[in-house]
Amino acid sequence: MTGIDLYEKLIHYYEFQIGQMPRRREFKNALEQTFSEDDLNIFFQLPYLGFISEEKLLKKLSKTAISKENLVESLGRLIPKGLVDKFQKNGKWGYERAPVIVVLEMAVREKENSLFRQVTAEVMNDLIEGAAETIPTKTPYYRVLPVEPTINSGSQSTVIEVNAVIPDPRQILPLDIISEMLKEVNLIALSNCYCRSAKMVIGKACKHPLETCFYFDELAQMKLQTDYARQLTYDEAMQILYECERHGLVHNVSNCEGKIQTLCNCCECSCAVLKAWKRGMRNTTSPSRFMVNINQKRCSLCQDCITICPTGALSISKDGLVVDHEKCLGCGLCVSVCKQGALSMQPRQMQPKIYKYNDALYRNIYAESAIGLIRRSLGLGKNK
């Protein structure tokens, strides 16, 4: 790779995922100060997309000047910094290139300050605030799960008392219920919210809980390799999720059925997903399969629901409380705080698409990203 600027090549790789890199010059300088060319040479030995077992990687490297010792030394920097993911697949340990968002989230979670941590926090904040180009896709990679007691009267794990009319239980599926979805996973890891962590690094921290990002199974295994996450039991996870609801956070889970990869708990003040939704973008998260229904006769106009609504979907008019269904995420937070039982959740007539598996979801997103970035490079406009 003599003569090739590996740092520039790495940024080009990341720009394929997100478009123009914010603070490009500063980010490249931080990369140069943090990683050697040997480190990046190892990175580019990994497949462009997908997993390679350690056995196959070593066989590939045997045809180069890179020794096993070089590999171990570089991976000791690349994995903790988030550039490379290490996990087991089909019983074999191996590696894959991590998306740029993982690089940013790992850096802002570091406990010690550094140039790399500071620059990545600024880049992350740019993405959160919409000051940079965004991924040119249409398919939401997250979807909202409503506060469980607002749709599931039969839940054995309910800890929030809600005076609401419960919808027909035949219209409620396991994919709507957070406690049921977590039963499908085998490994749970918890880490700090990287949006709120980025805000904290640049001195703009909000007051919401920090340790609220969940990872599951293979992705949990990756995160536990970095020491920036800790393993949880099912009961511990559920308790933290109840606390998230109490603090007015919105559950955003992988936009698929069955086994999920991630679950974020987002606030309107710091989190990229909710800020993007409020800017009118619909490619980050999809609303839940439910929407808010108002019983005007019960409503006392106390405005508790307006205060907790993270998207400004509720307001008061001359006719009473009204909901803007274009803004409503169907998170159920408003229903959970309504003491009069004036609010309830009902299934949406137009159900948002949910993918069957994570792989199908991300194949679609990657295809959209490739097409969108080509269109963008040709000056044909941006997708929203």
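This is a working chat about a predicted model and some of its local features.

Biologist: What should I know about the model and its numbering before we start?
Modeller: The model is predicted, so local features need pLDDT of at least 70 and side-chain atom pairs count only at pLDDT 80 or more, while totals for chains, interfaces and linings use all residues. Residues are numbered from 1 along each chain as its sequence is written, and side-chain values use heavy atoms, with hydrogens and water left out.

Biologist: OK, what is the strand order in the open sheet of three strands?
Modeller: The order is 1-3-2, with antiparallel pairing; strands here are DSSP runs of E of at least two residues and helices are runs of H or I of at least four, both numbered from the N terminus, and two strands pair if DSSP finds at least two bridges between them. Strand 1 (52-53) and strand 2 (84-89) are the edge strands, each pairing on one side only.

Biologist: How many bridges join strand 2 to strand 3?
Modeller: Six bridges join strand 2 to strand 3 (residues 92-97), and the two run antiparallel. Within that pairing, Lys 86 has Tyr 95 in strand 3 as its bridge partner.

Biologist: And what is odd about Asn 90?
Modeller: Asn 90 has a positive phi of about 55 degrees although it is not a glycine, and its place is in the loop between strand 2 and strand 3. Most residues other than glycine have a negative phi. Asn 90 is exposed, with a relative accessible area of 76%, where exposed means over 50%, buried under 20% and partly exposed in between, using a 1.4 Å probe and protein chains only.

Biologist: Where does Gln 303 sit?
Modeller: Gln 303 is in the loop between strand 11 (290-294) and helix 13 (304-308). Gln 303 also has a positive phi, of about 75 degrees, without being a glycine, and it is partly exposed at a relative accessible area of 40%.

Biologist: Switching to Arg 117, how far away is the nearest side chain of opposite charge?
Modeller: That side chain is Glu 110, 5.5 Å away, and Arg 117 is buried yet has no salt bridge. A salt bridge would need a side-chain nitrogen of Lys or Arg within 4 Å of a carboxyl oxygen of Asp or Glu; for charge, Lys and Arg count as positive and Asp and Glu as negative, with His and the chain ends not counted.

Biologist: Which polar contact joins the side chain of Arg 117 to another side chain?
Modeller: Arg 117, which lies in helix 7 (residues 115-129), has a side-chain polar contact of 3.4 Å with Asn 113. A polar contact is a pair of N or O atoms within 3.5 Å; within protein, one must be able to donate a hydrogen and the other to accept it, and residues adjacent in sequence count only if both atoms are side-chain atoms. In addition, a polar atom of the Arg 117 side chain lies 2.8 Å from the backbone oxygen of Glu 110.

Biologist: Last topic, what does Val 84 touch?
Modeller: Not counting residues up to four places away in sequence, Val 84 touches Phe 43, Leu 46, Leu 75, Leu 78, Ile 79, Tyr 95, Glu 96 and Ala 98, contact being heavy atoms within 4.5 Å.

Biologist: How many residues of helix 10 are buried?
Modeller: Six of the eight residues in helix 10 (residues 217-224) are buried, so described as mostly covered; among them are Asp 217 and Lys 223.
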